[in-house]
Structure formats: structure tokens, C-alpha cells
Amino acid sequence: MIIVPLGVGSATPTATRHLSSVAVWREGSVYLFDCGENAQMRMLQGGLKRSQIDCIFISHFDTDHYSGLIGLLSTLQLQRRDRELTIVGPKGIQEFVEWNFDFANIDLKYPLNFVEVEEGFEEERVVDEDEFYVEARPLNHTKFCIGYRFQEKDKPGKVDAEKAQEQGISEDWQYKELKAGNDVELDDGTVVKSADIVGHPRPGDSFAYITDTKYCPNSVKLAMNTNVLFHEATFSESLSEKAEETGHSTAKDAARVANEAKTKLLVITHFSARYTNEYVLLREARDDFFPTWVATELRPIFTDPAHEKGIIQPKVYLKEINQNKNKDNNSNNNSGGRSSSSDNKKKRSRKKKKRFRKRKNHSGKDKKTRNKYSKSNDSDSGRKRKRRNKSGSKKDKSNNNGGNNGNQRQPKQITPRTPFDDFDRF
Ligand SMILES: [Zn+2]
């Protein structure tokens, strides 16, 4: 399961944060939780295909959580989708979608399957497939709001292929039967027991999406023993009164849910625009629960990193990921690899500096004949060095601002950057 935050802002988008939405990728399908403005653009930038969406889950009818829905559905129409799409949300979601397309006189060519949840419900399995289900529970916000838990069903145990062959299993259907827990009778009458060949079933991964709510017991129930708990942390503890008043959580509330639910990883999201630096919130949550991460837009979170890394590649510049790449490139460069990131340039200029100093010492020792010449040479090189340092620092600066320089292969910048997009601050 790969979780890609598409928007981590609350209420209003900022220059660096989009409105609420998170995509869960599983076995080639995408499940979208909330669909804020720009969610479809962020999917593209995150390296996710919109055609892969199977279900969209809407938590509640605050505009920042569903304002991107009609645009996304229109895009799917233009892409000539013919596959069914399931939309889950509070009662009224069907009316909203149908009214919009009626208004625009658009006849949707692909079937929509609406699952509406009415206020007052306690718990409902809103989607139930062979390999996973999605459970919904009401949360505690200023208006009817739903929390979701995406739960993979237990996976069958691993098949011991060697043992199976030894016992005479060779056909695909025989493996399937064994995997399904059924014993297989061979032609000679011997029975191969499933329990001998197939290991214990493995528990499925789980993800809880809890946003726009005060602390409530249903959050804990949804998040119980999850691999990843995606929880809002709109405010810091100093604004807990405001959180209470507006039906939101503080970073500490999120950590409390994580603790009580014994989740494996807490990821906080839905940051108020007043926090230009969400690490304030991270620190508060981390004081009470570890591990806690900050949801970073387009940066994937893996439940099984060993197998999932590299499946989804962001198409735009992500500061942290690229910084790591620079480090990798550096190590490649040392071992003869080819790379020219600005970091490497800095390194090279440092190397040159060292060589220059050596020569200086050397000429100092040489005395007499070369004395005059070497002096002028030194000052000349000194000027050169100064110039080099100047240009070096310029490059560093532009790199910090998120610029694409050097020949390093970086993802395309799709969103044009304005001087107001000061990405370095985040
Ligand atoms: Zn919200």
C-alpha cells in the first residue's frame, strides 16, 4: 500500500499547500480520500494515473474536502472512462454530483456507484471486496463528518514451492487449491495437505483517514492497530480552545488517538495556514507519540518499502527527495560515477582550492628565482578563487529556491514557480 498526500492544507490553499486529499495506491488501483481543489493535478504531479481511481471517499461537505470532485469526474469523462467509479460520502453526495452534470447538460458515459451514509449511523462497511474492505464511522466535527479505515483482508500464507514439488504438486490449479486452504488429492490417491505447504496467513495492511474532528472514541476504533494513521492536526496546543470551538484536533489530540489505537505510524496533516512551519506541530505530536511524520505533499509513504519503492515516481521537484539524490550522486561521483549537481560542483571547487594551496607552499619553498612571478600568480589565483566562491554561492542559493540547475536529471517542474512560492521555507 502506498499513501501519497496530495493536499495537506486546511480550509484555504496557500502558496505551498493544497486542499485536503490523499491517494492510496494498492495493486494498481487508486483510492482517493477527499478531493480538494487541485487533487487531480496533484495526482498527475505525484505520478498517479487518474484512470486508476476505483473509489473516492468524501469525509464531509466542507468545501475544502470535495471542491475538486466535479473537475476530476469531468476529466474521467474526457478520458473516455467506461469503468464504474464508486463514490462514498455523506447523504447528498449523489444529488450534488448529478445536479452539477445536469446543470452543465453533460451525460456521464461511465457508471457511478454511490454509497451514501446517513447521519446517525454507528458503523458501516461501505466497500467490501475480495481482498480489502473500507469501514466508516462518524467523527465529531461541527457538521456530519465520516472517518474511514481501509483494511486489507488477511493475505494467504507463503507457499513452500520446494516442498510442494517434492510431494508431487505441479499444476497451477493445485497450487490455487492449496493456497485457498483446500487439500489436493493426487492421481495416485495420496492427499497433499494445504497446512503442510502453505504458511500462516499474514495480516493485511491498514490505513485510517481521520480528518476534521475533535478527539473522539470512534477515531481510536478506526485507527486501532493500523499500519498508518493519517490524522488531522490543524492547531498546536496553544490554540486548543480554537480547535475545540471549530471541531478540529491539535497535534496532541492526534498523538493521543495514535497512542490509544496503537498505530504503527502517525502521519499528521490538514495544517492551518497560520503555521508556515508545520514542524512546530510535528514536535508537539512527537513528544507524545513516536513515530510521527509530517504529511508532505507528493512524498509517498510505503507500508512495505522493500517492494514498493520506485513504483510511484513524483513528476515534480520534491526538495527532500532530491537532496537525498544529491547525496547518492556524490557517492557515485567519488567512485567514478558521472554527476554534476551543485553539491558536486562545490566539492570540486574545494578540491581545486586544496591544489592551489599546495602550489603556494611549493613556490614559497622554491624561493629566489620564481619569487616575483609566483607572487603575482598567487594574487591572480586569489582573485579567481574569490570569483569562484561568488558564483558558487549564487548556485547554492538558486538550488535552495528549488531551481533546476546543473545536468542532474530532475523531474519536470510542471507548476510554474512565482517569486511568492518560497519553497525553501518548508
Ligand atoms: Zn477541513
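# Two sheets and a buried helix

Reader: In strand 16, which residue is the bridge partner of isoleucine 2?
Author: This is a predicted model: local features need pLDDT of at least 70, side-chain atom pairs count only at pLDDT 80 or more, and totals for chains, interfaces and linings use all residues. Residues are numbered from 1 along each chain as its sequence is written. In strand 16, isoleucine 2 is bridged to phenylalanine 302.

Reader: How many bridges pair strand 1 with strand 16?
Author: Strands (E, at least two residues) and helices (H or I, at least four) are DSSP runs, numbered from the N terminus. Two strands pair if DSSP finds at least two bridges between them. Strand 1 covers residues 2-7 and runs antiparallel to strand 16. The number of bridges in this pair is two.

Reader: What is the strand order of the sheet that holds strand 16?
Author: This sheet is open and has seven strands. Its pairing is mixed. The order is 6-5-4-3-2-1-16.

Reader: Which strands stand at the edges of that sheet?
Author: Look for strands with a single partner strand, so that one side is left without a neighbour in the sheet. One such strand spans 301-302. The two edges are strand 6 and strand 16.

Reader: Which residue in strand 6 stands opposite isoleucine 87?
Author: Strand 5 (residues 85-90) is parallel to strand 4 (residues 53-57), and three bridges join them. There, isoleucine 87 of strand 5 faces isoleucine 56. Strand 5 also pairs in the parallel sense with strand 6 (residues 112-117), over six bridges. Opposite isoleucine 87 in strand 6 stands phenylalanine 114.

Reader: At what angle does helix 1 run to strand 1?
Author: Axes are lines fitted to C-alpha atoms, for helices over the stretch in contact, and angles run from 0 to 180 degrees between N-to-C directions. Helix 1 (residues 39-46) lies across strand 1, strand 2 (21-26) and strand 3 (29-33). Its angle to strand 1 is about 130°.

Reader: And at what angle does helix 4 run to strand 6?
Author: Helix 4 lies across strand 5 and strand 6. With strand 6 it makes an angle of about 140°.

Reader: What is the average twist in the sheet with the order 7-8-9-12-13-14-15?
Author: That sheet is open, with seven strands and mixed pairing. Strand 7 (124-128) and strand 15 (292-294) are its edges; each has a single partner strand, so one side of each lacks a neighbour in the sheet. From one strand to the next, the twist averages 20°.

Reader: Which residue is the bridge partner of tyrosine 148 in strand 12?
Author: Strand 9 (residues 146-152) pairs with strand 12 (residues 206-210). The pair is antiparallel, over four bridges. The partner of tyrosine 148 is tyrosine 209.

Reader: What angle does helix 10 make with strand 13?
Author: Helix 10 (residues 251-261) packs on the sheet. It touches strand 12, strand 13 (228-232), strand 14 (266-269) and strand 15. Its direction makes an angle with that of strand 13 of about 155°.

Reader: Which strands does helix 11 touch?
Author: Helix 11 covers residues 279-288 and packs on the sheet. Its direction makes about 170° with that of strand 15. The strands it touches are strand 14 and strand 15.

Reader: How far apart are the axes of helix 10 and helix 11?
Author: In the pair, Ala251, Lys252, Ala254, Ala255, Arg256 and Asn259 of helix 10 meet Leu281, Glu284, Ala285 and Asp288 of helix 11. Contact means C-beta atoms, placed from the backbone, within 7 Å. The helices pack at about 35°. Their axes are apart by 8 Å.

Reader: How many residues of helix 10 are buried?
Author: Buried means 20 or more other C-beta atoms within 10 Å of a residue's own, exposed means 12 or fewer, and partly exposed lies in between. Buried residues in helix 10 include Asp253, Val257, Ala258 and Ala261. Their cover includes helix 8 (217-223) and helix 11. Helix 10 is largely enclosed by the rest of the structure, because its buried residues number eight of the 11.

Reader: Is threonine 12 buried or exposed?
Author: Threonine 12 is in the loop between strand 1 and strand 2. Its C-alpha atom lies 8.4 Å from that of serine 272, though the two are 260 residues apart along the chain. It has 12 other C-beta atoms within 10 Å, so it counts as exposed.

Reader: What share of the protein chain is buried?
Author: The chain has 15 helices and 16 strands. It holds 426 residues. The buried share is 33%.

Technical notes
Two residues are in contact if their C-beta atoms, placed from the backbone, lie within 7 Å.
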